[in-house]
Amino acid sequence: MSLERVFTVDLNFFDFPGAIACYLVRLSDRAVLIDPGPATTIPTLQKVLADRNLTPSDVSDVFITHIHLDHAGAVGWLAEQGAMIHVHPKGAAHLVNPEKLIQSASRIYGDLMDTLWGEFKPVSEERIHIPADNELIPINGHQFQVLDTPGHSDHHFAILFEGILFSGDIGGIRVGNFDHIELPTPPPEFNPLKWRESLKRLKELDLRAIAPTHFGIYTDVQYHLDHLFSQLERLEEWLEKQMVRQPTVEELNEALGQWLDQQGRNQLPQQYQPYFTYLNPTWMSAAGIYRYWRKVRQA
Ligand SMILES: [Zn+2]
């Protein structure tokens with residue numbers, strides 16, 4: 001199994017082990033990274049590369065599942081070291097000119113922006129490759145394939161390498177090897193209808209493992225995808241009921257927190273509770289759901 005070429009790099013985000021992964025695929029003297037993580041964890045990434053006798057300039061290619069800062073913040077730095085960055089057509093312009101991306105993230109994170117995510121460096125145009133959906137990208141005699149998978153965001157790719165699916169956020173958040181899986185539903189592009197179509201696509205693949213960025217390589221693919229499907233269904237049912245009452249976004253936030261606890265969040269060991277404050281903050285998911293309802297459902 002080609003898992004032996006694939007390493008889970010724990011970026012140990014703010015001393016939370018097992019929260020944000022970068023996947024390293026070793027192809028002889030070269031390395032390919034999938035979701036290199038935020039800029040704040042570049043020193044960790046550098047150390048892991050050094051431990052494997054790799055320099056940053058040995059990273060020939062970087063795939064990002066999408067441009068959210070916890071997945072893609074380090075791309076500008078990696079491009080400076082010479083890496084080619086493979087990015088969704090709808091995300092590419094934001095890497096070249098990150099002002100809008102930084103602005104909208106700053107609106108969300110406020111004063112915590114720099115502390116959490118660090119400096120997002122732009123990527124020069126010649127270091128960007130924009131694959132088409134389904135495109136096979138040959139690297140050092142191996143093939144990587146990108147799959148357009150909207151639902152969490154409109155600019156989302158899942159990356160397929162030898163039966164392992166690097167699912168970014170479309171494959172949900174699953175930490176600590178537990179069964180609990182959550183769907184991160186942030187504004188402005190969360191869309192459960194698109195998410196369902198993306199999951200249907202993933203179910204048709206012959207997968208050996210699924211590797212969400214948050215966190216780890218899971219071989220119970222059938223369970224994982226089925227659970228995501230039913231979680232999505234439950235979320236939609238819950239939402240239909242909630243919106244009848246025409247809640248404010250604050251009320252929806254409160255209800256969502258209770259609902260997520262019922263779905264098993266509060267069954268996780270205490271040490272994992274703060275993970276969701278960073279990886280799937282309830283207020284952010286509530287804002288995404290609320291926006292979807294107002295802008296898509298009611299439009
Ligand atoms: Zn995301």
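In what sense do strand 2 and strand 3 pair, and over how many bridges? Before I answer, please keep in mind that what we are looking at is a predicted model. Strand 2, which covers residues 21-27, and strand 3, which covers residues 30-34, pair in the antiparallel sense, and they do this over five bridges. If you would like one example to find on the screen, take Leu24, whose bridge partner in strand 3 is Leu33. For those who are new to this, strands of a sheet pair through backbone hydrogen bonds, either parallel or antiparallel.

Let me now widen the view to the sheet. Six strands form an open sheet in the order 1-2-3-4-5-6, and the pairing in this sheet is mixed. The edge strands are strand 1, at residues 6-10, and strand 6, at residues 128-129, each of which pairs on one side only. Helix 1, residues 42-51, packs on this sheet and touches strand 1, strand 2, strand 3 and strand 4, the last of these being residues 59-63. The direction of helix 1 makes about 140 degrees with that of strand 1.

Next, a pair of helices. The axes of helix 8, residues 221-244, and helix 11, residues 282-297, come within 12 Å and cross at roughly 75 degrees, so helix 8 is roughly perpendicular to helix 11. Which residues meet here? From helix 8 there are Leu235, Leu239, Glu240 and Met243, and they meet Ile289, Tyr290, Tyr292, Trp293 and Arg297 in helix 11. Sorted by class, this contact of helix 8 with helix 11 has seven nonpolar residues, two charged residues and no polar ones.

I would like to finish with some backbone details, and for these it helps to know that most residues other than glycine have a negative phi, and most peptide bonds are trans. A cis peptide bond, with omega about 0 degrees, joins Pro187 and Pro188, and Pro188 lies in the loop between strand 10 and helix 7. The bond from His214 to Phe215 is also cis, with omega near -5 degrees, and Phe215 is found in the loop between strand 11 and helix 8.

As for phi, Asn12, in the loop between strand 1 and strand 2, has a positive value near 50 degrees, and Asn12 counts as partly exposed because its relative accessibility is 32%. Gln246, in the loop between helix 8 and helix 9, likewise has a positive phi, of about 50 degrees, although it is not a glycine. With 68% relative accessibility, Gln246 counts as exposed.

Notes
Residues are numbered from 1 along each chain as its sequence is written. This is a predicted model: local features need pLDDT of at least 70, side-chain atom pairs count only at pLDDT 80 or more; totals for chains, interfaces and linings use all residues. Side-chain values use heavy atoms; hydrogens and water are left out. Two strands pair if DSSP finds at least two bridges between them. Helices (H or I, at least four residues) and strands (E, at least two) are DSSP runs, numbered from the N terminus. Contact means heavy atoms within 4.5 Å. Axes are lines fitted to C-alpha atoms, for helices over the stretch in contact, and angles run from 0 to 180 degrees between N-to-C directions. Angles under 35 degrees count as roughly parallel, over 145 as roughly antiparallel, 65 to 115 as roughly perpendicular and the rest as oblique. Ala, Val, Leu, Ile, Met, Phe, Trp, Tyr, Cys and Pro count as nonpolar, Asp, Glu, Lys and Arg as charged, and the others, Gly among them, as polar. Buried means under 20% relative accessible area, exposed over 50%, partly exposed in between (1.4 Å probe, protein chains only).
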